[in-house]
Amino acid sequence: MTHAVQMIGITKLFGSVEALRDVDLTVQSGHIHAIVGENGAGKTTLMKVLYGAHQASEGQIKLNGEPVSFRDSKEAIAAGIGMVSQHYSIIPELTCLQNLVLGAEPGPVISYAAAESRANELAKQMGFQFNWHEEASEISPSQGQKLEILKLLWRNAKILILDEPTAMLAPDDADLLYAKLHELTEQGATVLVVTHRLPEVMEHCDEVTVLRGGKLIDSCPVSQTNPAELAEKMVGQAVTEHSPIPCNPGETLLAVRNLVVKGDKGNDAVKDASFELKSGELVGIAGVDGNGQRELFYALMGTRHSSGEIYLGNQNLTNASTAERIQAGIRLIAEDRHNEAVIEDWSIADNAILGLQRTNRVLAGRSINRNTQAELAKNVTETFPTKFDNVNQRFRDLSGGNQQKVVAARSLQESPQVVLAFQPTRGIDLYVAGLVYDGLIKATREGATVLVVSFDLDELMTYCDRILVMNHGEIAEVPAELRQDRSAIGRMMVGAE
Amino acid sequence: MSWKQILLALAGFGVVIGALIVAGAVPSDALQTVIQKALTTPAGWRDILRETTPLLLLGCSVFLALKAGLFNIGADGQFVVGAMASVAVALQNFGPLTIPLAIVVGTLAGGLWALPVGLIKAYRGGHEVITTIMLNNIAFFLSVFLVKGVLKDPESQSPTTAYIAEAAKLPNLVQNGPFRLNIALLFAIAVALALWWYLKRTVGGYELNATGANSKAAKFAGIQIEKVIVRSMTTSGAIAGLAGALQVLAYENRFYSGFSPGYGFDALGVALLAGGSPLALLGSGLLFGIIGKSTTVLSLTGVPKGLSFILLGILVIVFASFRYRKEPSHD
């Protein structure tokens, strides 16, 4: 058996920060090889070194036994390596076909007829179907993922690197994707998958490599390990299972009736949604990305117009402004941290009161109560273990995970009634993710209610008291007896039931 | 100060020397002229402070808009409109109310001139740079039309209004030989201090800063960004209008075709150079005042006036390229 990829003693420094330290990776040809680890473990960095996007500070790379050295991704692509990054590189304004050939055009003049016939061939080979002249903005996330894979095949990639390929897919689509990847490996391709979803690794991959803190922890065939062992190696300590805290729901806190919210394209992104959240419960919304979760949160926060009714207790918030909603106790952990949650050029202390600037304790006459601000700055950095120098430090200089912890902690300040949490644990490691959920649950047990959107079904099944499913803008509740039935919820997510 | 900044300062110095040589002047002579005629004489300082007044006020105007994320290219037009409205009032006799009324009307006129810019930006998404440039042209040609028409001094051959009455002029605070310090400069300093207080201390200022820094995040933080945009644009225009009123009442005492030598554009430099702090406007306003006066002095020795504009342009570009460079963000 040949080694498609050998990375030997890879060290990568960013300035003085060591992202990778003496990491070895051997991938056998024709295998699906998983790279697992927590955020910041160096998975993506290692893959980018292989892909030529980063240059290793030390170490050697061999492809099929031959030493190679890539100065940039172009050279890696020429050598048959392709990578799909976590954030898709599809340009929504171009057609699917234009996206497919982008960056690897056959010549200065593009013959779309010839391109289409080759595109069809590749799609047929994979069992995908595409309307090549459709604008890429029209296609679903799972179609997008398929298009990304076809882009690699278009470039004749033999070694495929996929970074979190199933993050945006429903369970069934994820299974389908792996089935296709297996077909590819049978035809001689080699696949590297960066993921944090262990069930996926166990079910679909041949080998697994665990990284932690930029170092290689272990590399072994999947058949010789188990999820608990992998989790322990990833985290570096035994992972305690979350033990559910009994939920005693109180009165209805947030009542939403017949909510209709328009999407960006003028369609009804949320269709006639009605649900109630009770004091004392953590409710999750499961669903594939793009099924109206975003628009629902915008409407609840009052940043997008909606029709229907929204009540907090007996206070009618239907036509309330965002400021009035915050005043009433609604808090948001926004989806898009950079653009919606913080001002990165500001200090931690100034961001600590963003959104809370007109709440009772913060506002003193016309100015801001500096004592309250100092107290909040302390709270938002100490609620969860956050690495920072001082609260006057620029927010931008925090790492992504630490930024997310501050944003999550801020939503729990000044007696929240309803916390709307959009992927609250995005970018933070398993251990702290647990703490964040514990923090949210604690808030509910003190009388608040929390609504969580996550694309990670396992996470929702672990922590939520109830689960709602959102599919094409419609909201349905998962019956109590199915709350631990992964595949049943998965079917509801795609409307199969 | 890092070695980079020192190098930059030296390079800047080199550019100035080089420019002087190209202009046909001996650098040491030029420097001597500036020191002797501008920086060490009471008359020189009179002119520097006079020049500083509109530059500081218009700097405040541009600075405020900039903090709200708006590039007010229209300060010049608002300045002209303010001056014109103010002179129209000051030419009448309202007794002791003449000065206050002329100031208020000039300020309001500047604000009103900027109001549509704010409205169009906030509710229709029209870019403020385009609308303010258009309004600058309208303001300029409107002023020409008026000083050739209804506002024209019948006694004069050229397109100008009559001079305002002695009682309508803002008094000098200090008058010592050729030196003058008009009360208008105190107005300007007061506005800069008020701006500092508003932006750094009040919740309104906090929200204005948030809107300018990240309007989407501001929206999610419950800030009504449309209102903030309209309010800051209008206030920015009002400050520019105030500058126009003071220019009439304190220094020019009349309005004429070509009233502004482009103060509104120099003010962009004043505001950019001040960087983050409104208090720094006091320094950058004075610096631009000194450069303005130095240019006038140098032009007497044959160095073309355009040189100072080149110098200011380079200064602003270099400064902006350092201050507004893009930084990577974490994920």
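In this predicted model, the interface of chain A and chain B holds 13 residue pairs in polar contact, counting pairs with both residues at pLDDT 80 or more. On the side of chain A that touches chain B, two or more residues each come from α9 (293–301), α10 (322–328), α11 (337–341), β18 (367–368) and α14 (400–410) of chain A. The largest share, 5 residues, belongs to α11(A). Sorted by class, this side of chain A has 14 nonpolar, 11 polar and 10 charged residues.

In total, 35 residues of chain A are in contact with 23 residues of chain B. The two chains bury about 2400 Å² between them, and carbon and sulfur atoms give 56% of that area. The interface of chain A and chain B also has 2 salt bridges. In a salt bridge across this interface, the side chain of Arg358(A) meets that of Glu207(B) at 2.9 Å, N to O.

A second interface can be explored inside chain A, which is divided into domain 1 (3–235) and domain 2 (252–493). The C-alpha centres of these domains lie 32 Å apart, and the contact takes 16 residues from domain 1 and 16 residues from domain 2. Here the buried area is about 1100 Å², with 57% given by carbon and sulfur atoms. Glu38(A), Asn39(A) and Pro171(A) supply 35% of the area that domain 1 buries against domain 2, more than any other three residues.

Between the two domains of chain A, the count of salt bridges is 0, and 1 residue pair is in polar contact, with both residues at pLDDT 80 or more. On the domain 1 side, α6 (171–186) and α8 (227–235) of chain A are the elements that give two or more residues. That side has 9 nonpolar, 3 polar and 4 charged residues.

Technical notes
Residues numbered from 1 in each chain as written. Chains lettered and ligands numbered in written order. Predicted model: local features only at pLDDT ≥ 70, side-chain atom pairs only at ≥ 80, totals over all residues. Heavy atoms only, no water. Contact = heavy atoms within 4.5 Å. Buried area = accessible area lost by both parts, 1.4 Å probe. Salt bridge = Lys/Arg side-chain N within 4 Å of Asp/Glu carboxyl O. Polar contact = N/O pair within 3.5 Å; in protein donor to acceptor, adjacent residues only side chain to side chain. Helix = DSSP H or I, 4+ residues; strand = E, 2+ residues; numbered from the N terminus. Nonpolar A, V, L, I, M, F, W, Y, C, P; charged D, E, K, R; others polar. Domains from an automatic or database assignment.
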